[in-house]
Amino acid sequence: MSPTTASSPTGGIQYLDDDVEVDDVRTQIAGSSSLTLVLAVASFAPKCKSLLADVTSLVETEEKNEEEEHPAHSSPLVLVIQTDEADELEELAIVMGLNDVLSYQIYGNGGRLITSSEEGDAVTIDAIANGLKMAAALSSGGANGNGGCCPPGSSPAVCCPSGSATDAAPANPNDVRRLVQQSYAATVNNESGGCCVSVDPAKVGYTPEQILKAGKDANLGLGCGNPMSFANVAKGETVLDLGSGAGVDCFLAADEVGNEGLVIGVDMTPDMIHKARSNAVNRKTNNVEFRLGEIEYLPVADNTVDCVVSNCVINLSPDKPQVFREIYRILKKGGRVAVSDVVIRPQKIIPKRLKTAEALAC
């Protein structure tokens with residue numbers, strides 16, 4: 001990675017070169033001791049030029065404050081992807097989930113995605129500044145000392161007690177997605193004190209042979225069933241896994257479809273995508289692709305998939321009807337759906353302990 005603008009290891013602005021790999025970007029974000037803002041822009045667009053100027057001014061102000069008032073505070077690292085400069089940069093932005101000409105993501109310390117622009121949003125410097133403030137608060141523990149969820153090394157009962165600000169499930173769809181991302185990122189990164197609890201895969205329907213075949217690194221125990229047991233996947237088919245996690249069901253499907261087929265895993269958590277791709281490399285699997293994206297807006301073409309599988313993910317979506325519209329869009333005529341998930345039973349009351357934000361995220 002060769003930035004065209006000088007920067008310190010903890011802050012500044014870098015314009016990414018066309019030879020940079022997505023894993024290199026992920027590594028840099030995860031290794032940064034400051035917040036990271038990733039911007040996808042087109043250099044020819046006036047609105048992009050204007051926003052870059054505003055971001056430059058914002059970073060310079062942060063650096064000045066860092067020197068004069070808050071020596072312990074690091075200015076944000078800004079990574080700029082100029083999508084019109086090279087096809088490789090456009091592909092990089094898409095893989096990272098930055099699909100609009102002007103879009104952004106903000107990561108906290110350690111590379112956890114905190115917030116991002118939504119497709120079609122009007123991206124402004126105020127939105128970015130507010131996002132950075134929120135990320136700073138979450139990274140430092142937040143006003144209540146819990147940052148909206150439990151920090152590594154703590155117990156949910158201690159950091160998220162009943163009656164606290166985090167006791168209610170979030171209503172804003174973006175907050176729901178962010179909370180789910182944070183919880184699953186903590187799980188894949190083996191951070192203790194996280195909200196999600198792993199389950200023995202044998203207890204939800206995986207056979208000993210499937211557990212061994214997928215590999216322990218691919219099964220994080222976050223499912224509630226085994227959709228592959230009834231998906232009836234055949235040779236040469238294209239299979240899509242909604243919320244693919246570390247790749248367990250994708251790798252099982254890959255063996256079923258063979259070299260003539262294709263398996264696509266979609267997950268909105270960058271840490272999960274990174275883990276799954278690493279698992280694919282270690283397994284030398286060449287008929288599986290892992291794509292960063294939301295299940296409400298799948299990065300998949302119309303009428304291209306034979307079978308959709310999902311394991312305890314659709315319940316996490318803040319817009320479930322949109323998920324099923326997307327499934328219908330990408331399925332071929334006569335396509336199939338195999339889903340393991342949880343539902344609310346009529347006339348049954350959900351315990352209060354399961355109505356918390358942390359329970360929702362898991």
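## Notebook: one chain, looked up piece by piece

I began with the secondary structure, and the chain comes to 11 helices and 11 strands. I note here that I am working from a predicted model. For the chain as a whole I looked up burial, and of its 362 residues 48% count as buried. I then turned to the contacts with a separation of 6 or more, and found that residues 24 or more positions apart account for 71% of them. The accessible surface comes to about 17400 Å², and carbon and sulfur atoms hold 51% of that area.

**Entry on strand β5**

I next went to strand β5, residues 103–107, and asked myself how many of its residues are buried. The strand is mostly covered, since 5 of its 5 residues fall into the buried class. I checked the two faces separately: Ser103, Gln105 and Tyr107 lie on one side, Tyr104 and Ile106 lie on the other, and all of them are buried, which leaves both faces covered.

I then looked for the partners of β5. Strand β3, residues 36–41, is joined to β5 by 5 bridges, and the two run antiparallel; within this pairing I noted Leu37 opposite Ile106 of β5. Strand β6, residues 113–116, also runs antiparallel to β5 and is joined to it by 3 bridges, with Gln105 standing opposite Ser116 of β6. Between β5 and β6 I found a hairpin with 5 residues between the strands, in which Gly110 takes a positive phi near 85°.

**Entry on the aromatic pair**

I searched for aromatic pairs and the structure holds 1. The ring centres of Phe251 and Phe290 are 5.8 Å apart and their planes stand at 70°, so I record the pair as edge-to-face, the class for angles over 60 degrees. The pair links distant parts of the chain, with Phe251 in helix α8 (residues 248–257) and Phe290 in strand β9 (residues 288–292), 39 residues apart. I also looked up the burial of each ring's residue: Phe251 has 0% relative accessibility and therefore counts as buried, and Phe290 is buried with a relative accessible area of 6%.

**Entry on Ser340**

My last residue was Ser340, which I located in strand β11, residues 331–340. Is Ser340 buried or exposed? Its relative accessible area is 8%, so I entered Ser340 as buried, the limit being under 20%. Which residues does Ser340 touch, leaving aside those up to four places away in sequence? I listed Cys224, Gly225, Asn226, Pro227 and Phe230, together with Ser310, Asn311 and Cys312.

Note on methods
Residues are numbered from 1 along each chain as its sequence is written. This is a predicted model: local features need pLDDT of at least 70, side-chain atom pairs count only at pLDDT 80 or more; totals for chains, interfaces and linings use all residues. Side-chain values use heavy atoms; hydrogens and water are left out. Rings of Phe, Tyr and Trp (its six-membered ring) pair if their centres lie within 6.5 Å; planes under 30 degrees apart count as stacked, over 60 as edge-to-face and the rest as tilted. Helices (H or I, at least four residues) and strands (E, at least two) are DSSP runs, numbered from the N terminus. Buried means under 20% relative accessible area, exposed over 50%, partly exposed in between (1.4 Å probe, protein chains only). Two strands pair if DSSP finds at least two bridges between them. Contact means heavy atoms within 4.5 Å. Accessible areas come from the Shrake-Rupley method with a 1.4 Å probe; for residues, only the protein chains shown count as cover.
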